[in-house]
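Reader: Can we walk through this one together? I'd like to begin with confidence and then go on to the sheet.

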Amino acid sequence: MGNCPTSSHTKLTTLENPPEAAMPPCEESMVVSLQNYPSFGRTEFTVCFGEKLTIVSDDGDFLMVKSATTGRESYIPSNYTATVTDRWLFTGIKRNKAVELLMLPDNQTGAFLVRESESDTDCYSLSVLKRASSSCLGCVKHYRISRLQNGWLYISPRLTFPSLHHLVEHYSESSDGLCCQLGHPCFIQGSDNASARPLPTAIRRPTINWKDISRSMIFRRKRTESDNSLVSEGLREAISSYLYMTEGDDQSWDS
């Protein structure tokens, strides 16, 4: 993972990552409430909007859940909940509910979540909160995350990523065209790591010093598991093809 496929004809930029920089295993998923329940007839809720729930039993259309904050159990419709993985990937949530969650006062500028696109089942959407001031006023921006034929993802056509984790990590380090840099994942009441910043998931190669690149690095036929070459397979093949076509112009690659 991390090498741009040489068969791709796109001009999109990719982030290079070494093969050994594998993604960490996904955290155990959790369930979050998308409604106050019951929504009428009582002054005190047994389940509150935006809190973590524990599923006691699953009957398909209905769930028996236990509130992480009140400790009470309730029998609620399953569509009153969303599943959350890695603290920021929400499954089963629509745009309006994403906005409601991000607008909760516990969230600050940069709070975000990734959700499935409502208009395209093969795409995602990134929802990001940007507060207008220190008050609770704010605006939630939405960015479509599209997918290439090779499976890589992008928001801006100039930059692609091999996974959602790499995409989130990049925009956590730089806004790079977004309304703001990604900060904490959307707050979930009752979650142990509700305020935890997303952990680094991608190791980026340093800028290549071409004076350190020898001819053997370019024309090496087989890459072993212990090979820590600065040159990726895709880049090696591209340079090799270029030198082959230009024939006698490859002397400058000798060291």
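**Confidence and fold**

Author: This is a predicted model. The chain has a mean pLDDT of 76, and 61% of its residues reach 70 or more.

Reader: What is the pLDDT over residues 1-11, and how many contacts does that stretch have?

Author: The pLDDT is below 50 over residues 1-11, and the stretch has 26 contacts in the model beyond near neighbours in sequence. Where pLDDT is low, the predicted coordinates should not be read in detail.

Reader: And residues 248-255?

Author: There the pLDDT stays under 50 as well, and the model has twelve contacts beyond four places in sequence for residues 248-255.

Reader: On to the sheet. What is the strand order?

Author: Ten strands form an open sheet, ordered β5-β4-β3-β2-β6-β7-β8-β9-β10-β11, with mixed pairing. At the edges are β5 (73-77) and β11 (153-154), each of which pairs on one side only.

Reader: How does β5 pair with β4?

Author: Strand β4 (residues 62-67) and β5 run antiparallel, joined by five bridges. One pair to look at is Met64 with its bridge partner in β5, Tyr75.

Reader: Which residues does Val56 touch, leaving out those up to four places away in sequence?

Author: With that exclusion, Val56 touches Met64, Val65, Lys66 and Glu73. Val56 lies in strand β3, residues 52-58. The C-alpha atoms of Val56 and Tyr75 are 9.5 Å apart, with their positions 19 residues apart in sequence.

Reader: Is Val56 buried or exposed?

Author: Neither: its relative accessibility is 46%, so Val56 counts as partly exposed.

Reader: Further along the sheet, then. Which strands does β8 pair with, and in what sense?

Author: Strand β7 (residues 89-91) pairs with β8 in the parallel sense over two bridges. The chain goes from β7 through α1 to β8, a β-α-β crossover that is right-handed. With strand β9 (residues 124-131), β8 pairs in the antiparallel sense over five bridges.

Reader: Which residues stand opposite each other there?

Author: Phe90 is opposite Arg115 in β8, and the bridge partner of Val114 in β9 is Leu126.

Reader: How covered is β8?

Author: Mostly: four of the five residues in strand β8 (residues 112-116) are buried.

Reader: Back to α1. Is Lys97 buried or exposed?

Author: Lys97 is buried, because its relative accessible area is 14%, under the 20% cut-off. Lys97 lies in helix α1, residues 95-102.

Reader: What does the Lys97 side chain reach?

Author: The backbone oxygen of Leu34, at 3.1 Å. Leaving out residues up to four places away in sequence, Lys97 touches Leu34, Gln35 and Phe49.

Reader: Change of topic: cysteines. How many disulfides?

Author: The count is zero, taking a disulfide as a pair of cysteine sulfur atoms within 2.5 Å.

Reader: How accessible are Cys48 and Cys123?

Author: Cys48 has a relative accessibility of 23%, so Cys48 counts as partly exposed. Cys123 is at 7% and therefore counts as buried.

Reader: What about Ser146, which touches Cys123? Where is Ser146 found?

Author: Ser146 is in strand β10, residues 138-147. Its relative accessible area is 15%, so Ser146 is buried. Apart from residues up to four places away in sequence, Ser146 touches Cys123, Trp152, Leu153 and Tyr154.

Key
Residues are numbered from 1 along each chain as its sequence is written. This is a predicted model: local features need pLDDT of at least 70, side-chain atom pairs count only at pLDDT 80 or more; totals for chains, interfaces and linings use all residues. Side-chain values use heavy atoms; hydrogens and water are left out. Buried means under 20% relative accessible area, exposed over 50%, partly exposed in between (1.4 Å probe, protein chains only). Contact means heavy atoms within 4.5 Å. A polar contact is a pair of N or O atoms within 3.5 Å; within protein, one must be able to donate a hydrogen and the other to accept it, and residues adjacent in sequence count only if both atoms are side-chain atoms. pLDDT is the predictor's confidence in each residue, from 0 to 100. Two strands pair if DSSP finds at least two bridges between them. A crossover is right-handed if, with the strands pointing away from the viewer, the path from the first strand over the helix to the second runs clockwise.
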